[in-house]
Amino acid sequence: MNAKNLARLGVYSVLLVAAFFFLAPLYVMLATSFKDAEQIRSGNLLSLPTSMNLESWALAWSTACTGVDCRGLKPYFWNSMAMAVPAVLISTAWGAINGYVLSMWKFRGSDVLFGFILFGVFMPFQVVLLPMSQVLGYLGLSSSVAGLVLVHCLAGMAGTTLFFRNYYTAIPRELVNAARMDGAGFWRIFYRIVIPMSTPILMVTLIWQFTNIWNDFLFGVAFSGADSKPITVGLNNMANTTSSVKNYNVDMAAAIIAGLPTMLVYVLAGQYFVKGLTAGAVKG
Amino acid sequence: MAASLHIAGIRKVYGKGDKAVEVLKKIEIDVAPGEFLILVGPSGCGKSTLLNIIAGLEDPTEGELKIGGKNVIGVAPAQRDIAMVFQSYALYPTMSVADNIGFALEMRKVPPEVRKQRIDQVAEMLQIKHLLDRRPAQLSGGQRQRVAMGRALARDPQLFLFDEPLSNLDAKLRVEMRAEIKRLHHLSGITSVYVTHDQIEAMTLGSRIAVMKDGILQQIGTPDEIYRRPANTYVAGFIGSPTMNFIAGEAYFAGAEAAFRFEGGVLQLPCPQAGRITLGQRPEHIHLDAGAPWRGEVILVEPTGADTFVVVKTGVGLITVRTVPSAQVAVGDNVGMSVSGNHNNWFDSQSGLRVG
């Protein structure tokens, strides 16, 4: 075996170890979710399920109990959807417009403004919990999905602005000048020239925002009411409900359901992300 | 339709107070309809700023700007009826070549049939018909340049602006596209302003050349005027390659014939005035002359094919002489030089301004 093969072997072993490290918990979750109560009690965490027991999935989705409420994860799942989809779209669009202005239509003080927006990226969100709940109260949005959408748009705007602003800075100014001379205005340049060039950063931002918002627990637990809890809070409450028997298979199925949308978004949008990168024709 | 361009008293100042930098100082240029004006100068001379002001991408601090007799200060770029070719071409990367050419027409609400007709016509003129469906990324540098020109031509504007359009091309393509631009200007007859730092482009393309330096218009004139009667030592040195020789000396009126004395030589030349003065001589007007009293040592021989340039070390510095390739001259030779014809450029030794 020569040195090159040896190096390759080294690389693959490291990758395999890493893959195992990340996939092992997923395996345990999946395997456990299909096991029946009896097999779980036998205690072997890594063994394959002997039965394909789908009951725990059905339970987790629609009938598992949180306290006295036995509707499963379903209502929380739809709460999360109703919160994440508008919040992701609005915060991404907002960031794109901010980035477009801050990179291509600079005005006096725009760099300073961008500096302030950057603070938002580094700000610990615990700091804003109290003032934010007060603001939501004033707006009449306390304990509602709409309130959560607003909070996530505000919290995400700094990050999305940073993404788009830095991406757009690399687009030559001459392109905007050419479009101006061709007769296109501010918005026309944005959606005819700039947005079509933004596929990669758009995908990055969408994935980033969806993952953040869907997985958020802090805002969910602080600002939601009884009918607007997102799935992260729902999952936590369900798993923490104490009953005589701990239904590990149901908890595992519920956790996978809660994590499924973010994985799905990555699988679907990840493709476009790579496609956008390779098709990028910004360079002259 | 060709329009005139009137630039009067244009100033541009960046910054305020102590940090203020004046990049354009009272520029006055009048361009007649159909003219091809070249703005030439070293980087930082303000030529691109002036072009951006004409385009409306920047506003002047003060001054007057008229296109086709109409004041355009404060008018948006799109409303000035101008087309511009940029150094980086600035083609829209996500649009096809046809859409790139037709974009301005689309913005002006030209109906699709007319637009298509116009795109085809322009593509025909530029021989890029087979490229219409491609994306800019799939084109070579020269093809992109053609598309950028097509985009400007499609509009049939009152005024063409070129911002160093050839500087990203290799030498051979540059010569080709230079000829192409000249041909297109001839065909369209549209008034053009062309910014470059390349003096060959300036000489070959321009019907008039404006030489700029430090925000000041040094001289404006036809290529012939600029080359033969440069207004000052800066213009004389900037235009022409190899550069003009400058010989600092003193003029005497000795009898009927005047004489120009300098370190290491005397030339019997008609001088415009007595006293300290600088003589400018282009390399083609100095000759190797075996018997001449003005002598020096050859330190470099540069054959270019058609001509050979010989650099001679003399008492007044290095002198470049153009000679024929067949000339028998080698490094280290002691050669004599003489000056022929009436191609003498005299400059004030203090101010550098042309005398006589």
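A kink of about 40 degrees, centred on A:M157, interrupts helix α7 of chain A. This report treats a predicted model, and it starts from that helix before turning to each chain and to the contact between the chains.

**Helix α7 of chain A**

Helix α7 of chain A covers residues 145–169, which is 25 residues. From the first C-alpha to the last, α7(A) reaches 35 Å, close to the 36 Å expected at 1.5 Å a residue. The kink at A:M157 thus accompanies an end-to-end reach that is close to the expected value. Of the 25 residues of α7(A), 19 are buried, so the helix is largely enclosed by the rest of the structure. Burial here requires 20 or more other C-beta atoms within 10 Å of a residue's own.

**Chain A**

Chain A contains 13 helices and zero strands; from the N terminus on, every element in its order is therefore written as α. The radius of gyration of chain A is 24 Å, well over the 19 Å that the globule rule gives for 284 residues, so chain A is more spread out than a compact globule. Among contacts in chain A between residues at least 6 apart in sequence, 77% join residues at least 24 apart.

The chain is divided into domain 1 (3–53) and domain 2 (74–279). The C-alpha centres of these two domains of chain A are 32 Å apart. Seven residues from domain 1 of chain A and six residues from domain 2 of chain A form the contact. On the side of domain 1 of chain A that touches domain 2 of chain A, helix α1 (residues 3–34) of chain A supplies the largest share, four residues. By class, that side of domain 1 of chain A has three nonpolar, three polar and one charged residues.

**Chain B**

The secondary structure of chain B comprises eight helices and 21 strands. For contacts in chain B with a separation of 6 or more, 66% are accounted for by residues 24 or more positions apart.

Chain B is likewise assigned two domains, domain 1 (5–238) and domain 2 (245–355). Their C-alpha centres lie 38 Å apart. The contact draws on six residues from domain 1 of chain B and eight residues from domain 2 of chain B. The side of domain 1 of chain B that touches domain 2 of chain B has four nonpolar, two polar and no charged residues.

**Extent and burial of the chains**

The following table lists values for each chain.

| Chain | Residues | C-alpha extent along principal axes | Buried residues |
|---|---|---|---|
| Chain A | 284 residues | about 75 × 70 × 30 Å | 35% |
| Chain B | 356 residues | roughly 80 × 50 × 35 Å | 40% |

**Contact between chain A and chain B**

Where the two chains meet, 16 residues of chain A are in contact with 22 residues of chain B. Helix α8 (residues 173–182) of chain A gives the most to the side of chain A that touches chain B, contributing seven residues. By class, this side of chain A has 10 nonpolar, three polar and three charged residues. The counts given here are of residues in contact, whereas the size of an interface is often given as the accessible area lost when the parts come together.

Conventions: Residues numbered from 1 in each chain as written. Chains lettered and ligands numbered in written order. Predicted model: local features only at pLDDT ≥ 70, side-chain atom pairs only at ≥ 80, totals over all residues. Domains from an automatic or database assignment. Nonpolar A, V, L, I, M, F, W, Y, C, P; charged D, E, K, R; others polar. Helix = DSSP H or I, 4+ residues; strand = E, 2+ residues; numbered from the N terminus. Buried ≥ 20, exposed ≤ 12 C-beta atoms within 10 Å, placed from the backbone. Rg over C-alpha atoms; globule rule 2.2 N^0.38 Å. Expected span 1.5 Å × (residues − 1). Bend = angle between axes of the 7 residues up to and from the residue.
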